[in-house]
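Please open the model in a viewer and keep the selection panel at hand. The stops below are meant to be followed in order.

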Amino acid sequence: MGCSPTKHFDIVASKPRLKAISNHEKFFVCLADPCTKTSHSTFISEFSSLMEWSVIIYTTVLLLLLPPPCSSDDRLVPGKPLSPGATIVSNGGSFALGSFSPNNSTPAKLYLGIWYNDIPRLTVVWVANRETTAINSTSSSPTLSLTNTSDFVLSDAEGRVFWTTNVAGEASSSSSPAPAAGINAVLLNNSNLVIRSPNGTTLWQSFEHPADTVLPGMKIGIKFRTRVCERLVSWKGLDDPSPGPFSYGVR
């Protein structure tokens with residue numbers, strides 16, 4: 001039932017609850033109940049809509065002000081070790097670096113590797129400690145660390161080293177010393193794991209140490225400084241990343 005403020009009603013003197021000054025005086029009367037209910041419903045509806053928009057605006061501003069959750073997840077720095085179960089993901093989300101265990105390995109063998117991050121089934125493209133297997137245990141789990149001497153070290157709490165790079169050793173035999181601070185390691189979106197100096201110089205990269213897979217941007221050849229022939233070496237088995245009987249490279 002609608003309510004209009006233009007309707008006029010005469011107030012008769014016989015109604016004691018209204019005081020009429022003159023029989024000819026007219027008042028604007030609005031039916032109380034219908035008008036009150038309509039106004040109240042409209043107010044609640046408009047207030048609810050306003051609150052919903054306020055929440056949306058507040059959430060949007062908060063998300064814009066917060067740093068991206070994966071802004072630094074594609075790199076390692078000294079003092080930030082990578083533990084089993086943790087991964088770093090390339091900026092484009094294509095590849096991940098972390099520890100994995102082959103199927104049916106007892107006790108649980110751990111390998112440091114790089115795999116496709118956007119494929120549900122584990123598809124490994126690079127393995128670091130192929131020749132030295134790490135064992136996952138609650139007392140001493142292996143972790144990957146980037147040292148201040150620009151080296152990767154995969155070791156456990158008992159001091160056992162399963163794999164390491166030799167950036168510091170190569171730098172000591174060259175004309176340019178390894179930087180002491182400001183280094184970082186980043187996983188690129190082509191799967192290349194790179195150790196960089198503060199000025200962006202590449203000190204070490206996994207593309208120069210292939211496993212069994214060639215990816216776009218990777219080159220197989222002979223290292224200029226060390227004259228070492230780079231080779232692809234097959235896995236020993238479907239669930240065994242250790243070096244197998246087949247290889248491919250330049251001789």
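Select serine 155 together with the residues around it: leaving out residues up to four places away in sequence, serine 155 touches Ser141, Pro142, Thr143, Arg160, Val161 and Phe162. The model is predicted. Serine 155 belongs to strand 10. With a relative accessible area of 16%, below the 20% limit, serine 155 counts as buried.

From serine 155, draw a C-alpha to C-alpha distance to leucine 144: the two residues are 11 apart in sequence and 6.7 Å apart in space. Next, display the surroundings of leucine 144. Neighbours within four places in sequence aside, leucine 144 is in contact with Leu76, Pro81, Leu82, Leu97, Leu112, Phe152, Val153, Leu154 and Trp163.

Now widen the selection to the nonpolar interior. The largest nonpolar core comprises 27 residues, and those with the most contacts inside it are Leu97, Ile114, Trp126, Leu144, Phe152, Trp163 and Trp204. Elements that contribute two or more residues to this core include strand 5 (95–100), strand 7 (124–127), strand 9 (143–146) and strand 10 (152–155). Strand 6 gives the most, with three residues. In another colour, mark a second, separate core of six residues, among them Ala96, Tyr111, Val124 and Val127.

Which residues form one aromatic cluster? Select Trp126, Phe152, Trp163 and Trp204 to see it. The structure holds eight aromatic pairs. For a closer view of a pair, show the rings of phenylalanine 95 and tyrosine 116: their centres are 4.8 Å apart and their planes stand at 35°, so the pair is classed as tilted. This pair links distant parts of the chain, since phenylalanine 95 lies in strand 5 and tyrosine 116 in strand 6, 21 residues apart. Are the two residues buried or partly exposed? Phenylalanine 95 is buried, at a relative accessible area of 6%, whereas tyrosine 116 is partly exposed at 24%.

Finally, switch to a cartoon view and pick out the open sheet of four strands, which are arranged in the order 3-12-13-14 with antiparallel pairing. At the edges stand strand 3 (75–76) and strand 14 (202–205); each has a single partner strand, so one side of each is left without a neighbour in the sheet. Within this sheet, strand 12 and strand 13 run antiparallel and are joined by four bridges. As a last selection, take alanine 185, which stands opposite isoleucine 195 in strand 13.

Methods
Residues numbered from 1 in each chain as written. Predicted model: local features only at pLDDT ≥ 70, side-chain atom pairs only at ≥ 80, totals over all residues. Heavy atoms only, no water. Core = buried A, V, L, I, M, F, W, Y, C linked by side-chain atoms within 4.5 Å. Buried < 20%, exposed > 50% of the residue type's maximum accessible area, 1.4 Å probe, protein only. Contact = heavy atoms within 4.5 Å. Phe/Tyr/Trp six-rings, centres within 6.5 Å; stacked < 30°, edge-to-face > 60°. Pairing = 2+ DSSP bridges.
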